[in-house]
Amino acid sequence: EATETRKAENAEYKETMAANKAAKELIGIAKNRMNRFYNPKLFKAAPKRELSAEDRIFVSNGGTPPPTEAPGGIANSGVTVFAQVSAHRALDSNVVAPAPPPATWDAYTKKGQESN
């Protein structure tokens, strides 16, 4: 039983860490895109693509370089995994629904209306 529990916890940990890593990558990409416009000194441009020897010869003779591969992922950022962790908490049987909100004052009235 302890082994099964450890295996389940390990699987959950790995999934959580993968989601955290994807979230950090996505935040980093967003920060870099924001820096492009708001703080150009901190913007890091994408690395230049190096051509193979054959492609360099082809391009130097007047050819066009081969197309680049599309990044894909979330907003063409290359990040493919991003999951909401709060969805996993709802699956636990120990989680209880939150208490109802506290009572507040009566309904609002307009300036010309009187309350009894």
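In which helix is N32 found? N32 is found in helix 1, and that helix is a good place to start a tour of this predicted model.

**The overall picture**

Let us first step back to the whole chain. The secondary structure comes to 3 helices and 0 strands, and read along the sequence the pattern is α-α-α. Of the 116 residues in the protein, 6% are buried. The accessible surface comes to about 11200 Å², with 57% of that belonging to carbon and sulfur atoms. Among contacts with a separation of 6 or more, 43% join residues 24 or more positions apart.

A word on confidence will help you here. The mean pLDDT of the protein is 77, and 72% of its residues reach 70 or more. Among the elements, helix 1 has the highest mean pLDDT, at 89, while helix 3 (residues 86–89) has the lowest, at 55. Where pLDDT is low, the predicted coordinates should not be read in detail.

**Helix 1 and its C-terminal part**

Helix 1 covers residues 2–38. With 37 residues, helix 1 reaches 52 Å from its first C-alpha to its last, close to the 54 Å expected at 1.5 Å a residue. Its buried residues are A19, A22, A23 and N35.

Three residues of this helix can be set side by side:

| Residue | Relative accessibility | Class |
|---|---|---|
| N32 | 22% | partly exposed |
| N35 | 19% | buried |
| F37 | 62% | exposed |

Why does N35 count as buried? N35 counts as buried because its relative accessibility is 19%, and the cut-off for that class is under 20%. N32, in turn, is partly exposed because its relative accessible area is 22%, a value that falls between the 20% and 50% limits.

Which residues does N35 touch, leaving aside its neighbours within four places in sequence? N35 is in contact with P40, L42 and F43. With the same kind of neighbours left aside, N32 is in contact with L42, F43 and K44. L42 and F43 thus appear in the contacts of N35 and also in those of N32. For one of these pairs there is a distance too: N32 and L42 are 10 residues apart in sequence and 7.7 Å apart in space, C-alpha to C-alpha.

F37 also lies in helix 1, and F37 is exposed because its relative accessible area is 62%. Together with M34 and Y38, F37 makes a nonpolar surface patch of about 430 Å². An α-helix has 3.6 residues a turn, so residues three or four places apart point the same way.

**Helix 2 and what follows**

Now on to the next element. Is helix 2 largely in the open or largely buried? Helix 2 spans residues 53–60, and because 0 of its 8 residues are buried, helix 2 lies largely in the open. Just after helix 2, G62 takes a positive phi of about 105°.

Technical notes: Residues numbered from 1 in each chain as written. Predicted model: local features only at pLDDT ≥ 70, side-chain atom pairs only at ≥ 80, totals over all residues. Heavy atoms only, no water. Helix = DSSP H or I, 4+ residues; strand = E, 2+ residues; numbered from the N terminus. Buried < 20%, exposed > 50% of the residue type's maximum accessible area, 1.4 Å probe, protein only. Contact = heavy atoms within 4.5 Å. Expected span 1.5 Å × (residues − 1). Patch = residues over 30% accessible without salt bridge, like charges linked within 9 Å, V, L, I, M, F, W, Y side chains within 5 Å. Areas by Shrake-Rupley, 256 points an atom, 1.4 Å probe, with all protein chains shown as cover. Salt bridge = Lys/Arg side-chain N within 4 Å of Asp/Glu carboxyl O. pLDDT = per-residue confidence, 0-100.
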